[in-house]
2 protein chains.
Amino acid sequence: MANRLDDEALDQLFRNARTHNGWIERPVEDDVLREIYDLAKMAPTSANCSPMRVVFVKSAEAKARLLGVVSAGNQEKTRTAPVTAIIATDRRFYDELPKLFPHTDARAWFVGNEAHAEKTAFRNGTLQGAYFMLAARALGLDVGPMSGFDNDKLDREFFPDGRYASNFLVNLGYGDSAKLFPRNPRFTFDEACTIL
Amino acid sequence: MANRLDDEALDQLFRNARTHNGWIERPVEDDVLREIYDLAKMAPTSANCSPMRVVFVKSAEAKARLLGVVSAGNQEKTRTAPVTAIIATDRRFYDELPKLFPHTDARAWFVGNEAHAEKTAFRNGTLQGAYFMLAARALGLDVGPMSGFDNDKLDREFFPDGRYASNFLVNLGYGDSAKLFPRNPRFTFDEACTIL
């Protein structure tokens with residue numbers, strides 16, 4: 001049976017971790033990007049459907065394409081981040097289910113039921129995006145997630161064949177604590193939860 | 001600057017953790033439920049919108065109500081789990097933004113834009129659901145997330161005023177490894193990711 005992680009680990013993952021807007025000058029190596037994904041991929045999705053796809057925007061040329069679709073308030077932090085991950089979703093994730101969930105015909109649950117497929121893709125791709133951010137923190141990186149960009153424009157630029165849909169963006173690097181905003185309040189347990 | 005967590009912690013959170021279907025006879029105290037939430041609430045949401053609401057179903061009477069809406073394949077594991085969390089979303093989360101994101105009128109971004117509000121609620125409530133599961137694992141618990149239930153029926157039973165929408169369910173407890181299914185495959189980095 002597992003124990004609880006020590007307080008230092010809980011602080012790093014949750015309590016002291018912050019959404020970063022500025023970055024120190026330290027690159028993020030490709031091996032670290034691989035490690036983030038290889039942790040995140042293990043966490044659960046419905047019927048193991050694993051709809052998240054990730055584009056790591058790292059080169060100056062790719063970053064310039066991305067900056068063309070990011071809102072004004074997100075320009076500077078995205079430009080200066082060592083890497084920006086596009087967290088996207090495979091709209092046709094169900095075509096992979098014979099491989100990912102081989103013991104039954106799970107593909108049949110989604111073919112011809114677009115509303116159910118779309119909701120399943122969005123829910124599970126988003127779960128994986130959260131796993132991705134906590135995996136990055138577990139490896140000592142800081143993250144800066146963003147919804148402020150033009151999804152349709154991004155999809156036309158990076159996913160022209162229409163199969164993948166952008167969900168949100170995550171700046172990745174080592175945060176500069178001097179550039180943090182003050183922390184906003186959270187709901188208490190009793191405001192957000194009930195025990196029945 | 002943070003270090004990477006040790007391998008034991010990474011195994012517990014990601015690599016060795018499993019979706020559990022059977023539970024040993026050990027209760028989950030209310031203090032632990034509070035602790036899960038108090039970790040999960042700190043992780044990021046867009047404009048700090050924090051739309052997740054949680055109902056912890058623990059008593060025999062509440063569990064019986066929940067079993068009335070859960071699919072056949074999820075009955076036994078839900079019945080035997082010490083606690084089942086209903087991960088729900090507040091459809092009117094934006095009414096709380098003056099408190100949660102006080103430095104600008106973020107409520108105005110959503111009022112009268114139902115499609116944007118609904119997508120923001122679902123995306124961020126789902127991120128919080130993932131944080132919740134990893135917080136539970138960080139505290140030494142096992143989780144068993146489920147989408148196999150009737151959302152509309154659950155909402156009528158537990159959220160009759162229509163403000164909250166069920167997202168997914170999470171069984172919580174200490175897993176019985178003897179009842180695990182074999183692990184399904186995951187996409188490799190090169191199948192799911194690109195570095196540009």
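In this predicted model, 5 strands form an open sheet with mixed pairing in the order β5(A)-β1(B)-β2(B)-β4(B)-β3(B), where two strands count as paired if DSSP finds at least two bridges between them, and where helices (H or I, at least four residues) and strands (E, at least two) are DSSP runs numbered from the N terminus. Its edge strands, each pairing on one side only, are β5 (193-195) of chain A and β3 (142-146) of chain B. From one strand to the next the twist averages 20°.

Residues are numbered from 1 along each chain as its sequence is written, while chains are lettered from A and ligands numbered from 1 in the order in which they are written. Local features need pLDDT of at least 70, side-chain atom pairs count only at pLDDT 80 or more, and totals for chains, interfaces and linings use all residues, with side-chain values resting on heavy atoms and with hydrogens and water left out.

**Strand pairing**

Within the sheet that begins with β5(A), strand β2 (residues 83-90) of chain B and strand β4 (residues 164-173) of chain B run antiparallel and are joined by 8 bridges; Thr89(B) stands opposite Ala165(B) in β4(B). A further open sheet of 5 strands, again with mixed pairing, has the order β3(A)-β4(A)-β2(A)-β1(A)-β5(B). Here the edge strands are β3 (142-146) of chain A and β5 (193-195) of chain B, each of which pairs on one side only, and the twist averages 20° from one strand to the next. Strand β1 (residues 52-57) of chain A pairs with β5(B) in the parallel sense over 3 bridges, and Val54(A) stands opposite Cys193(B) in that strand of chain B.

**Helices on the sheets**

Helix α7 (residues 151-158) of chain B lies across β1 (52-57), β2 and β4 of chain B and runs at about 90° to β4(B), contact meaning heavy atoms within 4.5 Å and angles running from 0 to 180 degrees between N-to-C directions of axes that are lines fitted to C-alpha atoms, for helices over the stretch in contact. In chain A, helix α6 (residues 114-138) lies across β1, β2 (83-90), β3 and β4 (164-173), running at about 10° to β4(A).

**Helix against helix**

The table lists three helix pairs with their axis values.

| Helix pair | Axis distance | Angle |
|---|---|---|
| α1(B) and α6(B) | 9 Å apart | about 135° |
| α3(A) and α7(A) | within 10 Å | roughly 145° |
| α1(A) and α6(A) | within 9 Å | roughly 135° |

In the last of these pairs, the angle makes α1(A) oblique to α6(A), the classes being roughly parallel under 35 degrees, roughly antiparallel over 145, roughly perpendicular from 65 to 115 and oblique for the rest. Gln12(A), Leu13(A) and Phe14(A) in α1(A) meet Leu134(A), Arg137(A) and Ala138(A) in α6(A). These contact residues divide into 4 nonpolar, 1 polar and 1 charged, where Ala, Val, Leu, Ile, Met, Phe, Trp, Tyr, Cys and Pro count as nonpolar, Asp, Glu, Lys and Arg as charged, and the others, Gly among them, as polar.

**How the two chains relate**

Chain B can be laid on chain A with an RMSD of 0.0 Å by a turn of 180° and a shift of 0.0 Å along the axis, the superposition being by least squares on the C-alpha atoms of residues with pLDDT of at least 70 in both. The two copies are therefore related as by a two-fold rotation axis. Because 100% of the interface residues of chain B are also interface residues in chain A, the copies meet through the same surface.
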